[in-house]
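Biologist: I am new to this structure and would love a close look at a single part of it. Could you walk me through one metal site?

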Amino acid sequence: MADLTLSGKNPTSVRADALVVGTCSTSDGVAVVADQLPADLVRQVETLAPRLGVTGAVDEVRTFPAGGDVKADVVVLTGLGERRPDGTFAAETLRRAAGAAIRSLAGTASAAVALPAVDEDELAAVVEGALLGAYSYTRYRDEEAAAKKKPVATVEVVTSFARSARAKAAVARAEVLAAAVHGARDLVNMPPNDLYPAAFADAARNAVRELGVKGVKVTVLDEKQLAAGGYGGLVGVGQGSARGPRLVKLAYSPVKATTRVGIVGKGITFDTGGISLKPPAGMPAMKSDMAGAAAVLHTVLAAARLGLPVAVTGYLCLAENMPGGNAQRPADVVRMRGGKTVEVTNTDAEGRLVMADGLVSAVEDGHDVVLDIATLTGAQMVALGTRTSGVMGTDDVRDEVKVAADAVGEDFWPMPLPAELKAGLKSTVADMVNSAPDRWGGMLFAGHFLKEFVGDTPWAHLDIAGPAYNEKSPYGYTPAGGTGVGVRTLVGFLEGRSQA
Ligand code: BES
Ligand code: MN
Ligand code: ZN
């Protein structure tokens, strides 16, 4: 991760390859948002803006030779859009602008960032955005290609709060958060031939060891133990693959804990659909079907590194959904952990099967609240698009997730669990089917299915199918490929609980 420092210097005097400043659009045209820059540079940019193609729009990044008194070689202008009525910019606007600029500087060694931050919260957003934007996945590229994409290594954020203790604490928190998001992105980007359930379990063990986080206990159940323990969902989904399923439990239990939270993650390391095989076109993206589990792993690690006074247990439901000779058939009936039976009418609705076992396991362990996060349904994208995740569940927990998401700048939207959709669960041979008779409200139906396994425990379900994996161009601090979505919302949720 990039090495980040705060500096109280004048931005012009910072030695770096690039100096990042903001632009915004006003009724009089473009304005450069940095008070301490040389006036002639500011005037040049502002008067030549139309010819330079600078509008100040969000996600617009333009680079120019610096010149004048500026010690950096180039100036990077990053768009902040329009000012709010009070003259400031939203935290997420700053996060995205910092991220977009740092992302555009990949292949450059150092950058100074001078974006407006009126208080430590805004400064935290700038720092987070810069660190989140300093990411690339180069593990499978040769050295030369990797160097070209190498993220900025050192970032100096110019601020009047450089000496503030709150600002320093914000940097420390941002470093933990960004490392967690990067860790989740890395797992999502990893090719599925190398990331299979047992490899994911090993990665979880290694991540705990490497980070040297104290007090996180890892338990792994393999396919034999899962069969013996009655985890029919994980066993059924996993049996079509030569590489068996795993259930990984990660328990962080600080002595000072005031509340206990369980978080279940969908970890389908590849989803072919099974016998209900998917069409080829969208299939490569199904390496991202473990993004929920990746978010859970790195949330638990972040909670431990931040020393949050909350007991958190992560449950990673890991399986590969393959159509092998022993694969489950559409019409099979499986018995889930806890005893409920499910008629598997569609083997491509596998996520809810592995999640049911994980949820039952979490409920058995007795938490105050259980969350789950999964790339569960294509219907999520039909309903909300590719950048907004859905959240369902017990009303107050659902709303608590929404509040946490808003605070960290992740787009989540509350969705209902309409009572009439429950009828679709009816099976002629088992307690329920895994796939609805029609496609209407598919995200909500999946929510109803999961609800069957949480009993009275306060619960929320986060469907991140679209936002977990960016198949389009990068934007803001969001790269192409794995996005790490969910990590910051989950950590924010835990922080909220620890203050309550
Ligand atoms: N992993 C998919 C959901 C998904 C689709 C995630 C696209 C990300 C992008 C899930 O296992 C799935 O296949 N769901 C089916 C359910 C259906 C068979 C009831 C779907 O959404 O089509
Ligand atoms: Mn599927
Ligand atoms: Zn899936």
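Modeller: **The zinc site**

The zinc ion (ligand 3) takes its protein donors from Lys266 (NZ), Asp271 (OD), Asp289 (OD) and Glu350 (OE), at 2.0 to 2.4 Å. Donors here are N, O and S atoms within 2.8 Å of the metal (3.2 Å for Na, K and Ca), and water is not among the atoms, so sites may look incomplete. Before going on, please note that this is a predicted model, where local features need pLDDT of at least 70 and side-chain atom pairs count only at pLDDT 80 or more, while totals for chains, interfaces and linings use all residues. Residues are numbered from 1 along each chain as its sequence is written, chains are lettered from A and ligands numbered from 1 in the order in which they are written, and side-chain values use heavy atoms, leaving out hydrogens and water.

Six donor atoms surround the zinc ion (ligand 3) at angles of 79 to 174°, an octahedral site (six donors, with opposite ones over 155 degrees apart and all others between 65 and 115). Along the sequence, the donor residues follow the spacing K-x4-D-x17-D-x60-E.

Aspartate 271 also bridges this zinc ion to the manganese ion (ligand 2), 3.2 Å away. Aspartate 271 sits in strand S10 (residues 260-271), and glutamate 350, 79 residues apart from it, in the loop between strand S13 (341-343) and helix H10 (351-365). Strands (E, at least two residues) and helices (H or I, at least four) are DSSP runs, numbered from the N terminus.

Aspartate 271 is buried, at 3% relative accessible area, and glutamate 350 is buried too, at 0%; buried means under 20% (1.4 Å probe, protein chains only).

Notes: Four donors count as tetrahedral if all angles lie between 85 and 135 degrees; four count as square planar and six as octahedral if opposite donors are over 155 degrees apart and all others between 65 and 115; anything else is irregular. Buried means under 20% relative accessible area, exposed over 50%, partly exposed in between (1.4 Å probe, protein chains only).
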